[in-house]
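Hi,

Here is the model I said I would pass on. Have a look at it first, and my notes follow underneath.

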Amino acid sequence: MTGAEHAFKLASVLLQYPTMALFTGIDRLDEAGRAAPRAAREEFAAFLAWLRATPPGEVAGHYVDTFDLRRHSALYLTYYRYGDTRRRGTAMLAYKAAYRRAGFHPPDAELPDFVPLVLEFAALSREGVALLRRRRADLDLLRRALGSVETPYAHVVEAVCALLPKLRRGELEAVRALWESGPPTEEVGLEPFAPPEYLSGQERRP
């Protein structure tokens, strides 16, 4: 793995639900953060300092409050552009196709645009890095959403964005427009976009 790919793996771990394994392995996470490319190092350090100083139960509660109870800061990349519309399902098929081309077999329990899953893919495959770069604008919408609620998790997404190309002017304008309008609502009268199994998801926690 390159330094950036190691950083994508670290970000994938940090953006998943915080089990006790996260806290018992925090020394290794600190090492990984210090080994990240310079552009991302400070952001990882800020998040890991908060993680080390905060009781595990409080971290878990904050994670649920941030990602599960606020749709505005959900960890699903297609949500910010398409909301809960049928077009979102079509967009998810692009993730599925990228996974198949690379021989990547994600678990069926999670939607294909789940950010930790996309980051894990980027850590393992050039195709994954390319997918992450193509979704750079959607990642920026997530970055803005997390920044707006002032969560430490914003540092992790900032670290990822620092390792990707900056948005071009047209992309920035699109991001601003989407941010101001918010995710669209369902369009009425359209037929289902894909078989249910493409979008089947289960709770991440028992």
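A quick definition to start: helices (H or I, at least four residues) and strands (E, at least two) are DSSP runs, numbered from the N terminus. On that basis Ala 137 is found in helix α10.

Before the rest, two housekeeping points. This is a predicted model, in which local features need pLDDT of at least 70 and side-chain atom pairs count only at pLDDT 80 or more, while totals for chains, interfaces and linings use all residues. Residues are numbered from 1 along each chain as its sequence is written, and side-chain values use heavy atoms, with hydrogens and water left out.

The overall picture

The chain has twelve helices and zero strands, so the pattern along the sequence reads α-α-α-α-α-α-α-α-α-α-α-α. Of its 206 residues, 43% are buried (buried means under 20% relative accessible area, exposed over 50%, partly exposed in between, with a 1.4 Å probe and protein chains only). Taking contacts (heavy atoms within 4.5 Å) between residues at least 6 apart in sequence, 70% join residues at least 24 apart.

Back to Ala 137 and α10

Ala 137 is buried, at 9% relative accessible area. Leaving aside residues up to four places away in sequence, Ala 137 touches Arg 81, Leu 167 and Val 175. Its C-alpha is 6.5 Å from that of Glu 171, although the two are 34 residues apart in sequence.

Ala 137 also belongs to the contact between α10 and α12: on the α10 side are Ala 137, Asp 140, Leu 141, Arg 144, Ala 145 and Ser 148, and on the α12 side Val 175, Arg 176, Leu 178 and Trp 179. By class, those residues divide into six nonpolar, one polar and three charged (Ala, Val, Leu, Ile, Met, Phe, Trp, Tyr, Cys and Pro count as nonpolar, Asp, Glu, Lys and Arg as charged, and the others, Gly among them, as polar). The axes of α10 and α12 come within 10 Å and cross at roughly 45°, which means that α10 is oblique to α12. For reference, axes are lines fitted to C-alpha atoms, for helices over the stretch in contact, and angles run from 0 to 180 degrees between N-to-C directions. Angles under 35 degrees count as roughly parallel, over 145 as roughly antiparallel, 65 to 115 as roughly perpendicular and the rest as oblique. The crossing of α10 and α12 is right-handed; a crossing is left-handed if the near helix is turned anticlockwise from the far one by less than a right angle, and right-handed if clockwise.

As for α12 itself, the helix covers residues 169–181 and has 13 residues. From first C-alpha to last, α12 reaches 18 Å, close to the 18 Å expected at 1.5 Å a residue (the expected span is 1.5 Å times one less than the number of residues). Gly 182 follows α12 and has a positive phi, near 80°.

Two more helix pairs

Helix α4 (residues 38–53) packs against helix α11 (residues 153–162) at about 165°, with the axes 8 Å apart. That makes the pair roughly antiparallel. Their contact is made by Ala 39, Ala 40, Glu 43, Phe 44, Ala 46, Phe 47 and Trp 50 of α4, together with Tyr 153, His 155, Val 156, Glu 158, Ala 159 and Ala 162 of α11. The tally there is ten nonpolar, one polar and two charged residues. The α4 and α11 crossing is left-handed.

Helices α8 (residues 115–124) and α9 (residues 126–134) have axes 5 Å apart and an angle of about 135°, and are therefore oblique to each other. Their crossing is left-handed too.

Loop residues to look at

Which residue has a positive phi although it is not a glycine? That is Glu 150, with a phi of about 55°. Most residues other than glycine have a negative phi. Glu 150 sits in the loop between α10 (136–148) and α11, and is exposed at 70% relative accessibility.

Gln 16, in the loop between α1 (3–14) and α2 (20–24), is partly exposed at 34%. Not counting residues up to four places away in sequence, Gln 16 touches Tyr 63 and Pro 116.

Ala 35, in the loop between α3 (26–34) and α4, is exposed at 59%. The C-alpha atoms of Ala 35 and Ala 7 are 8.3 Å apart, with the two positions 28 residues apart along the chain.

Cheers
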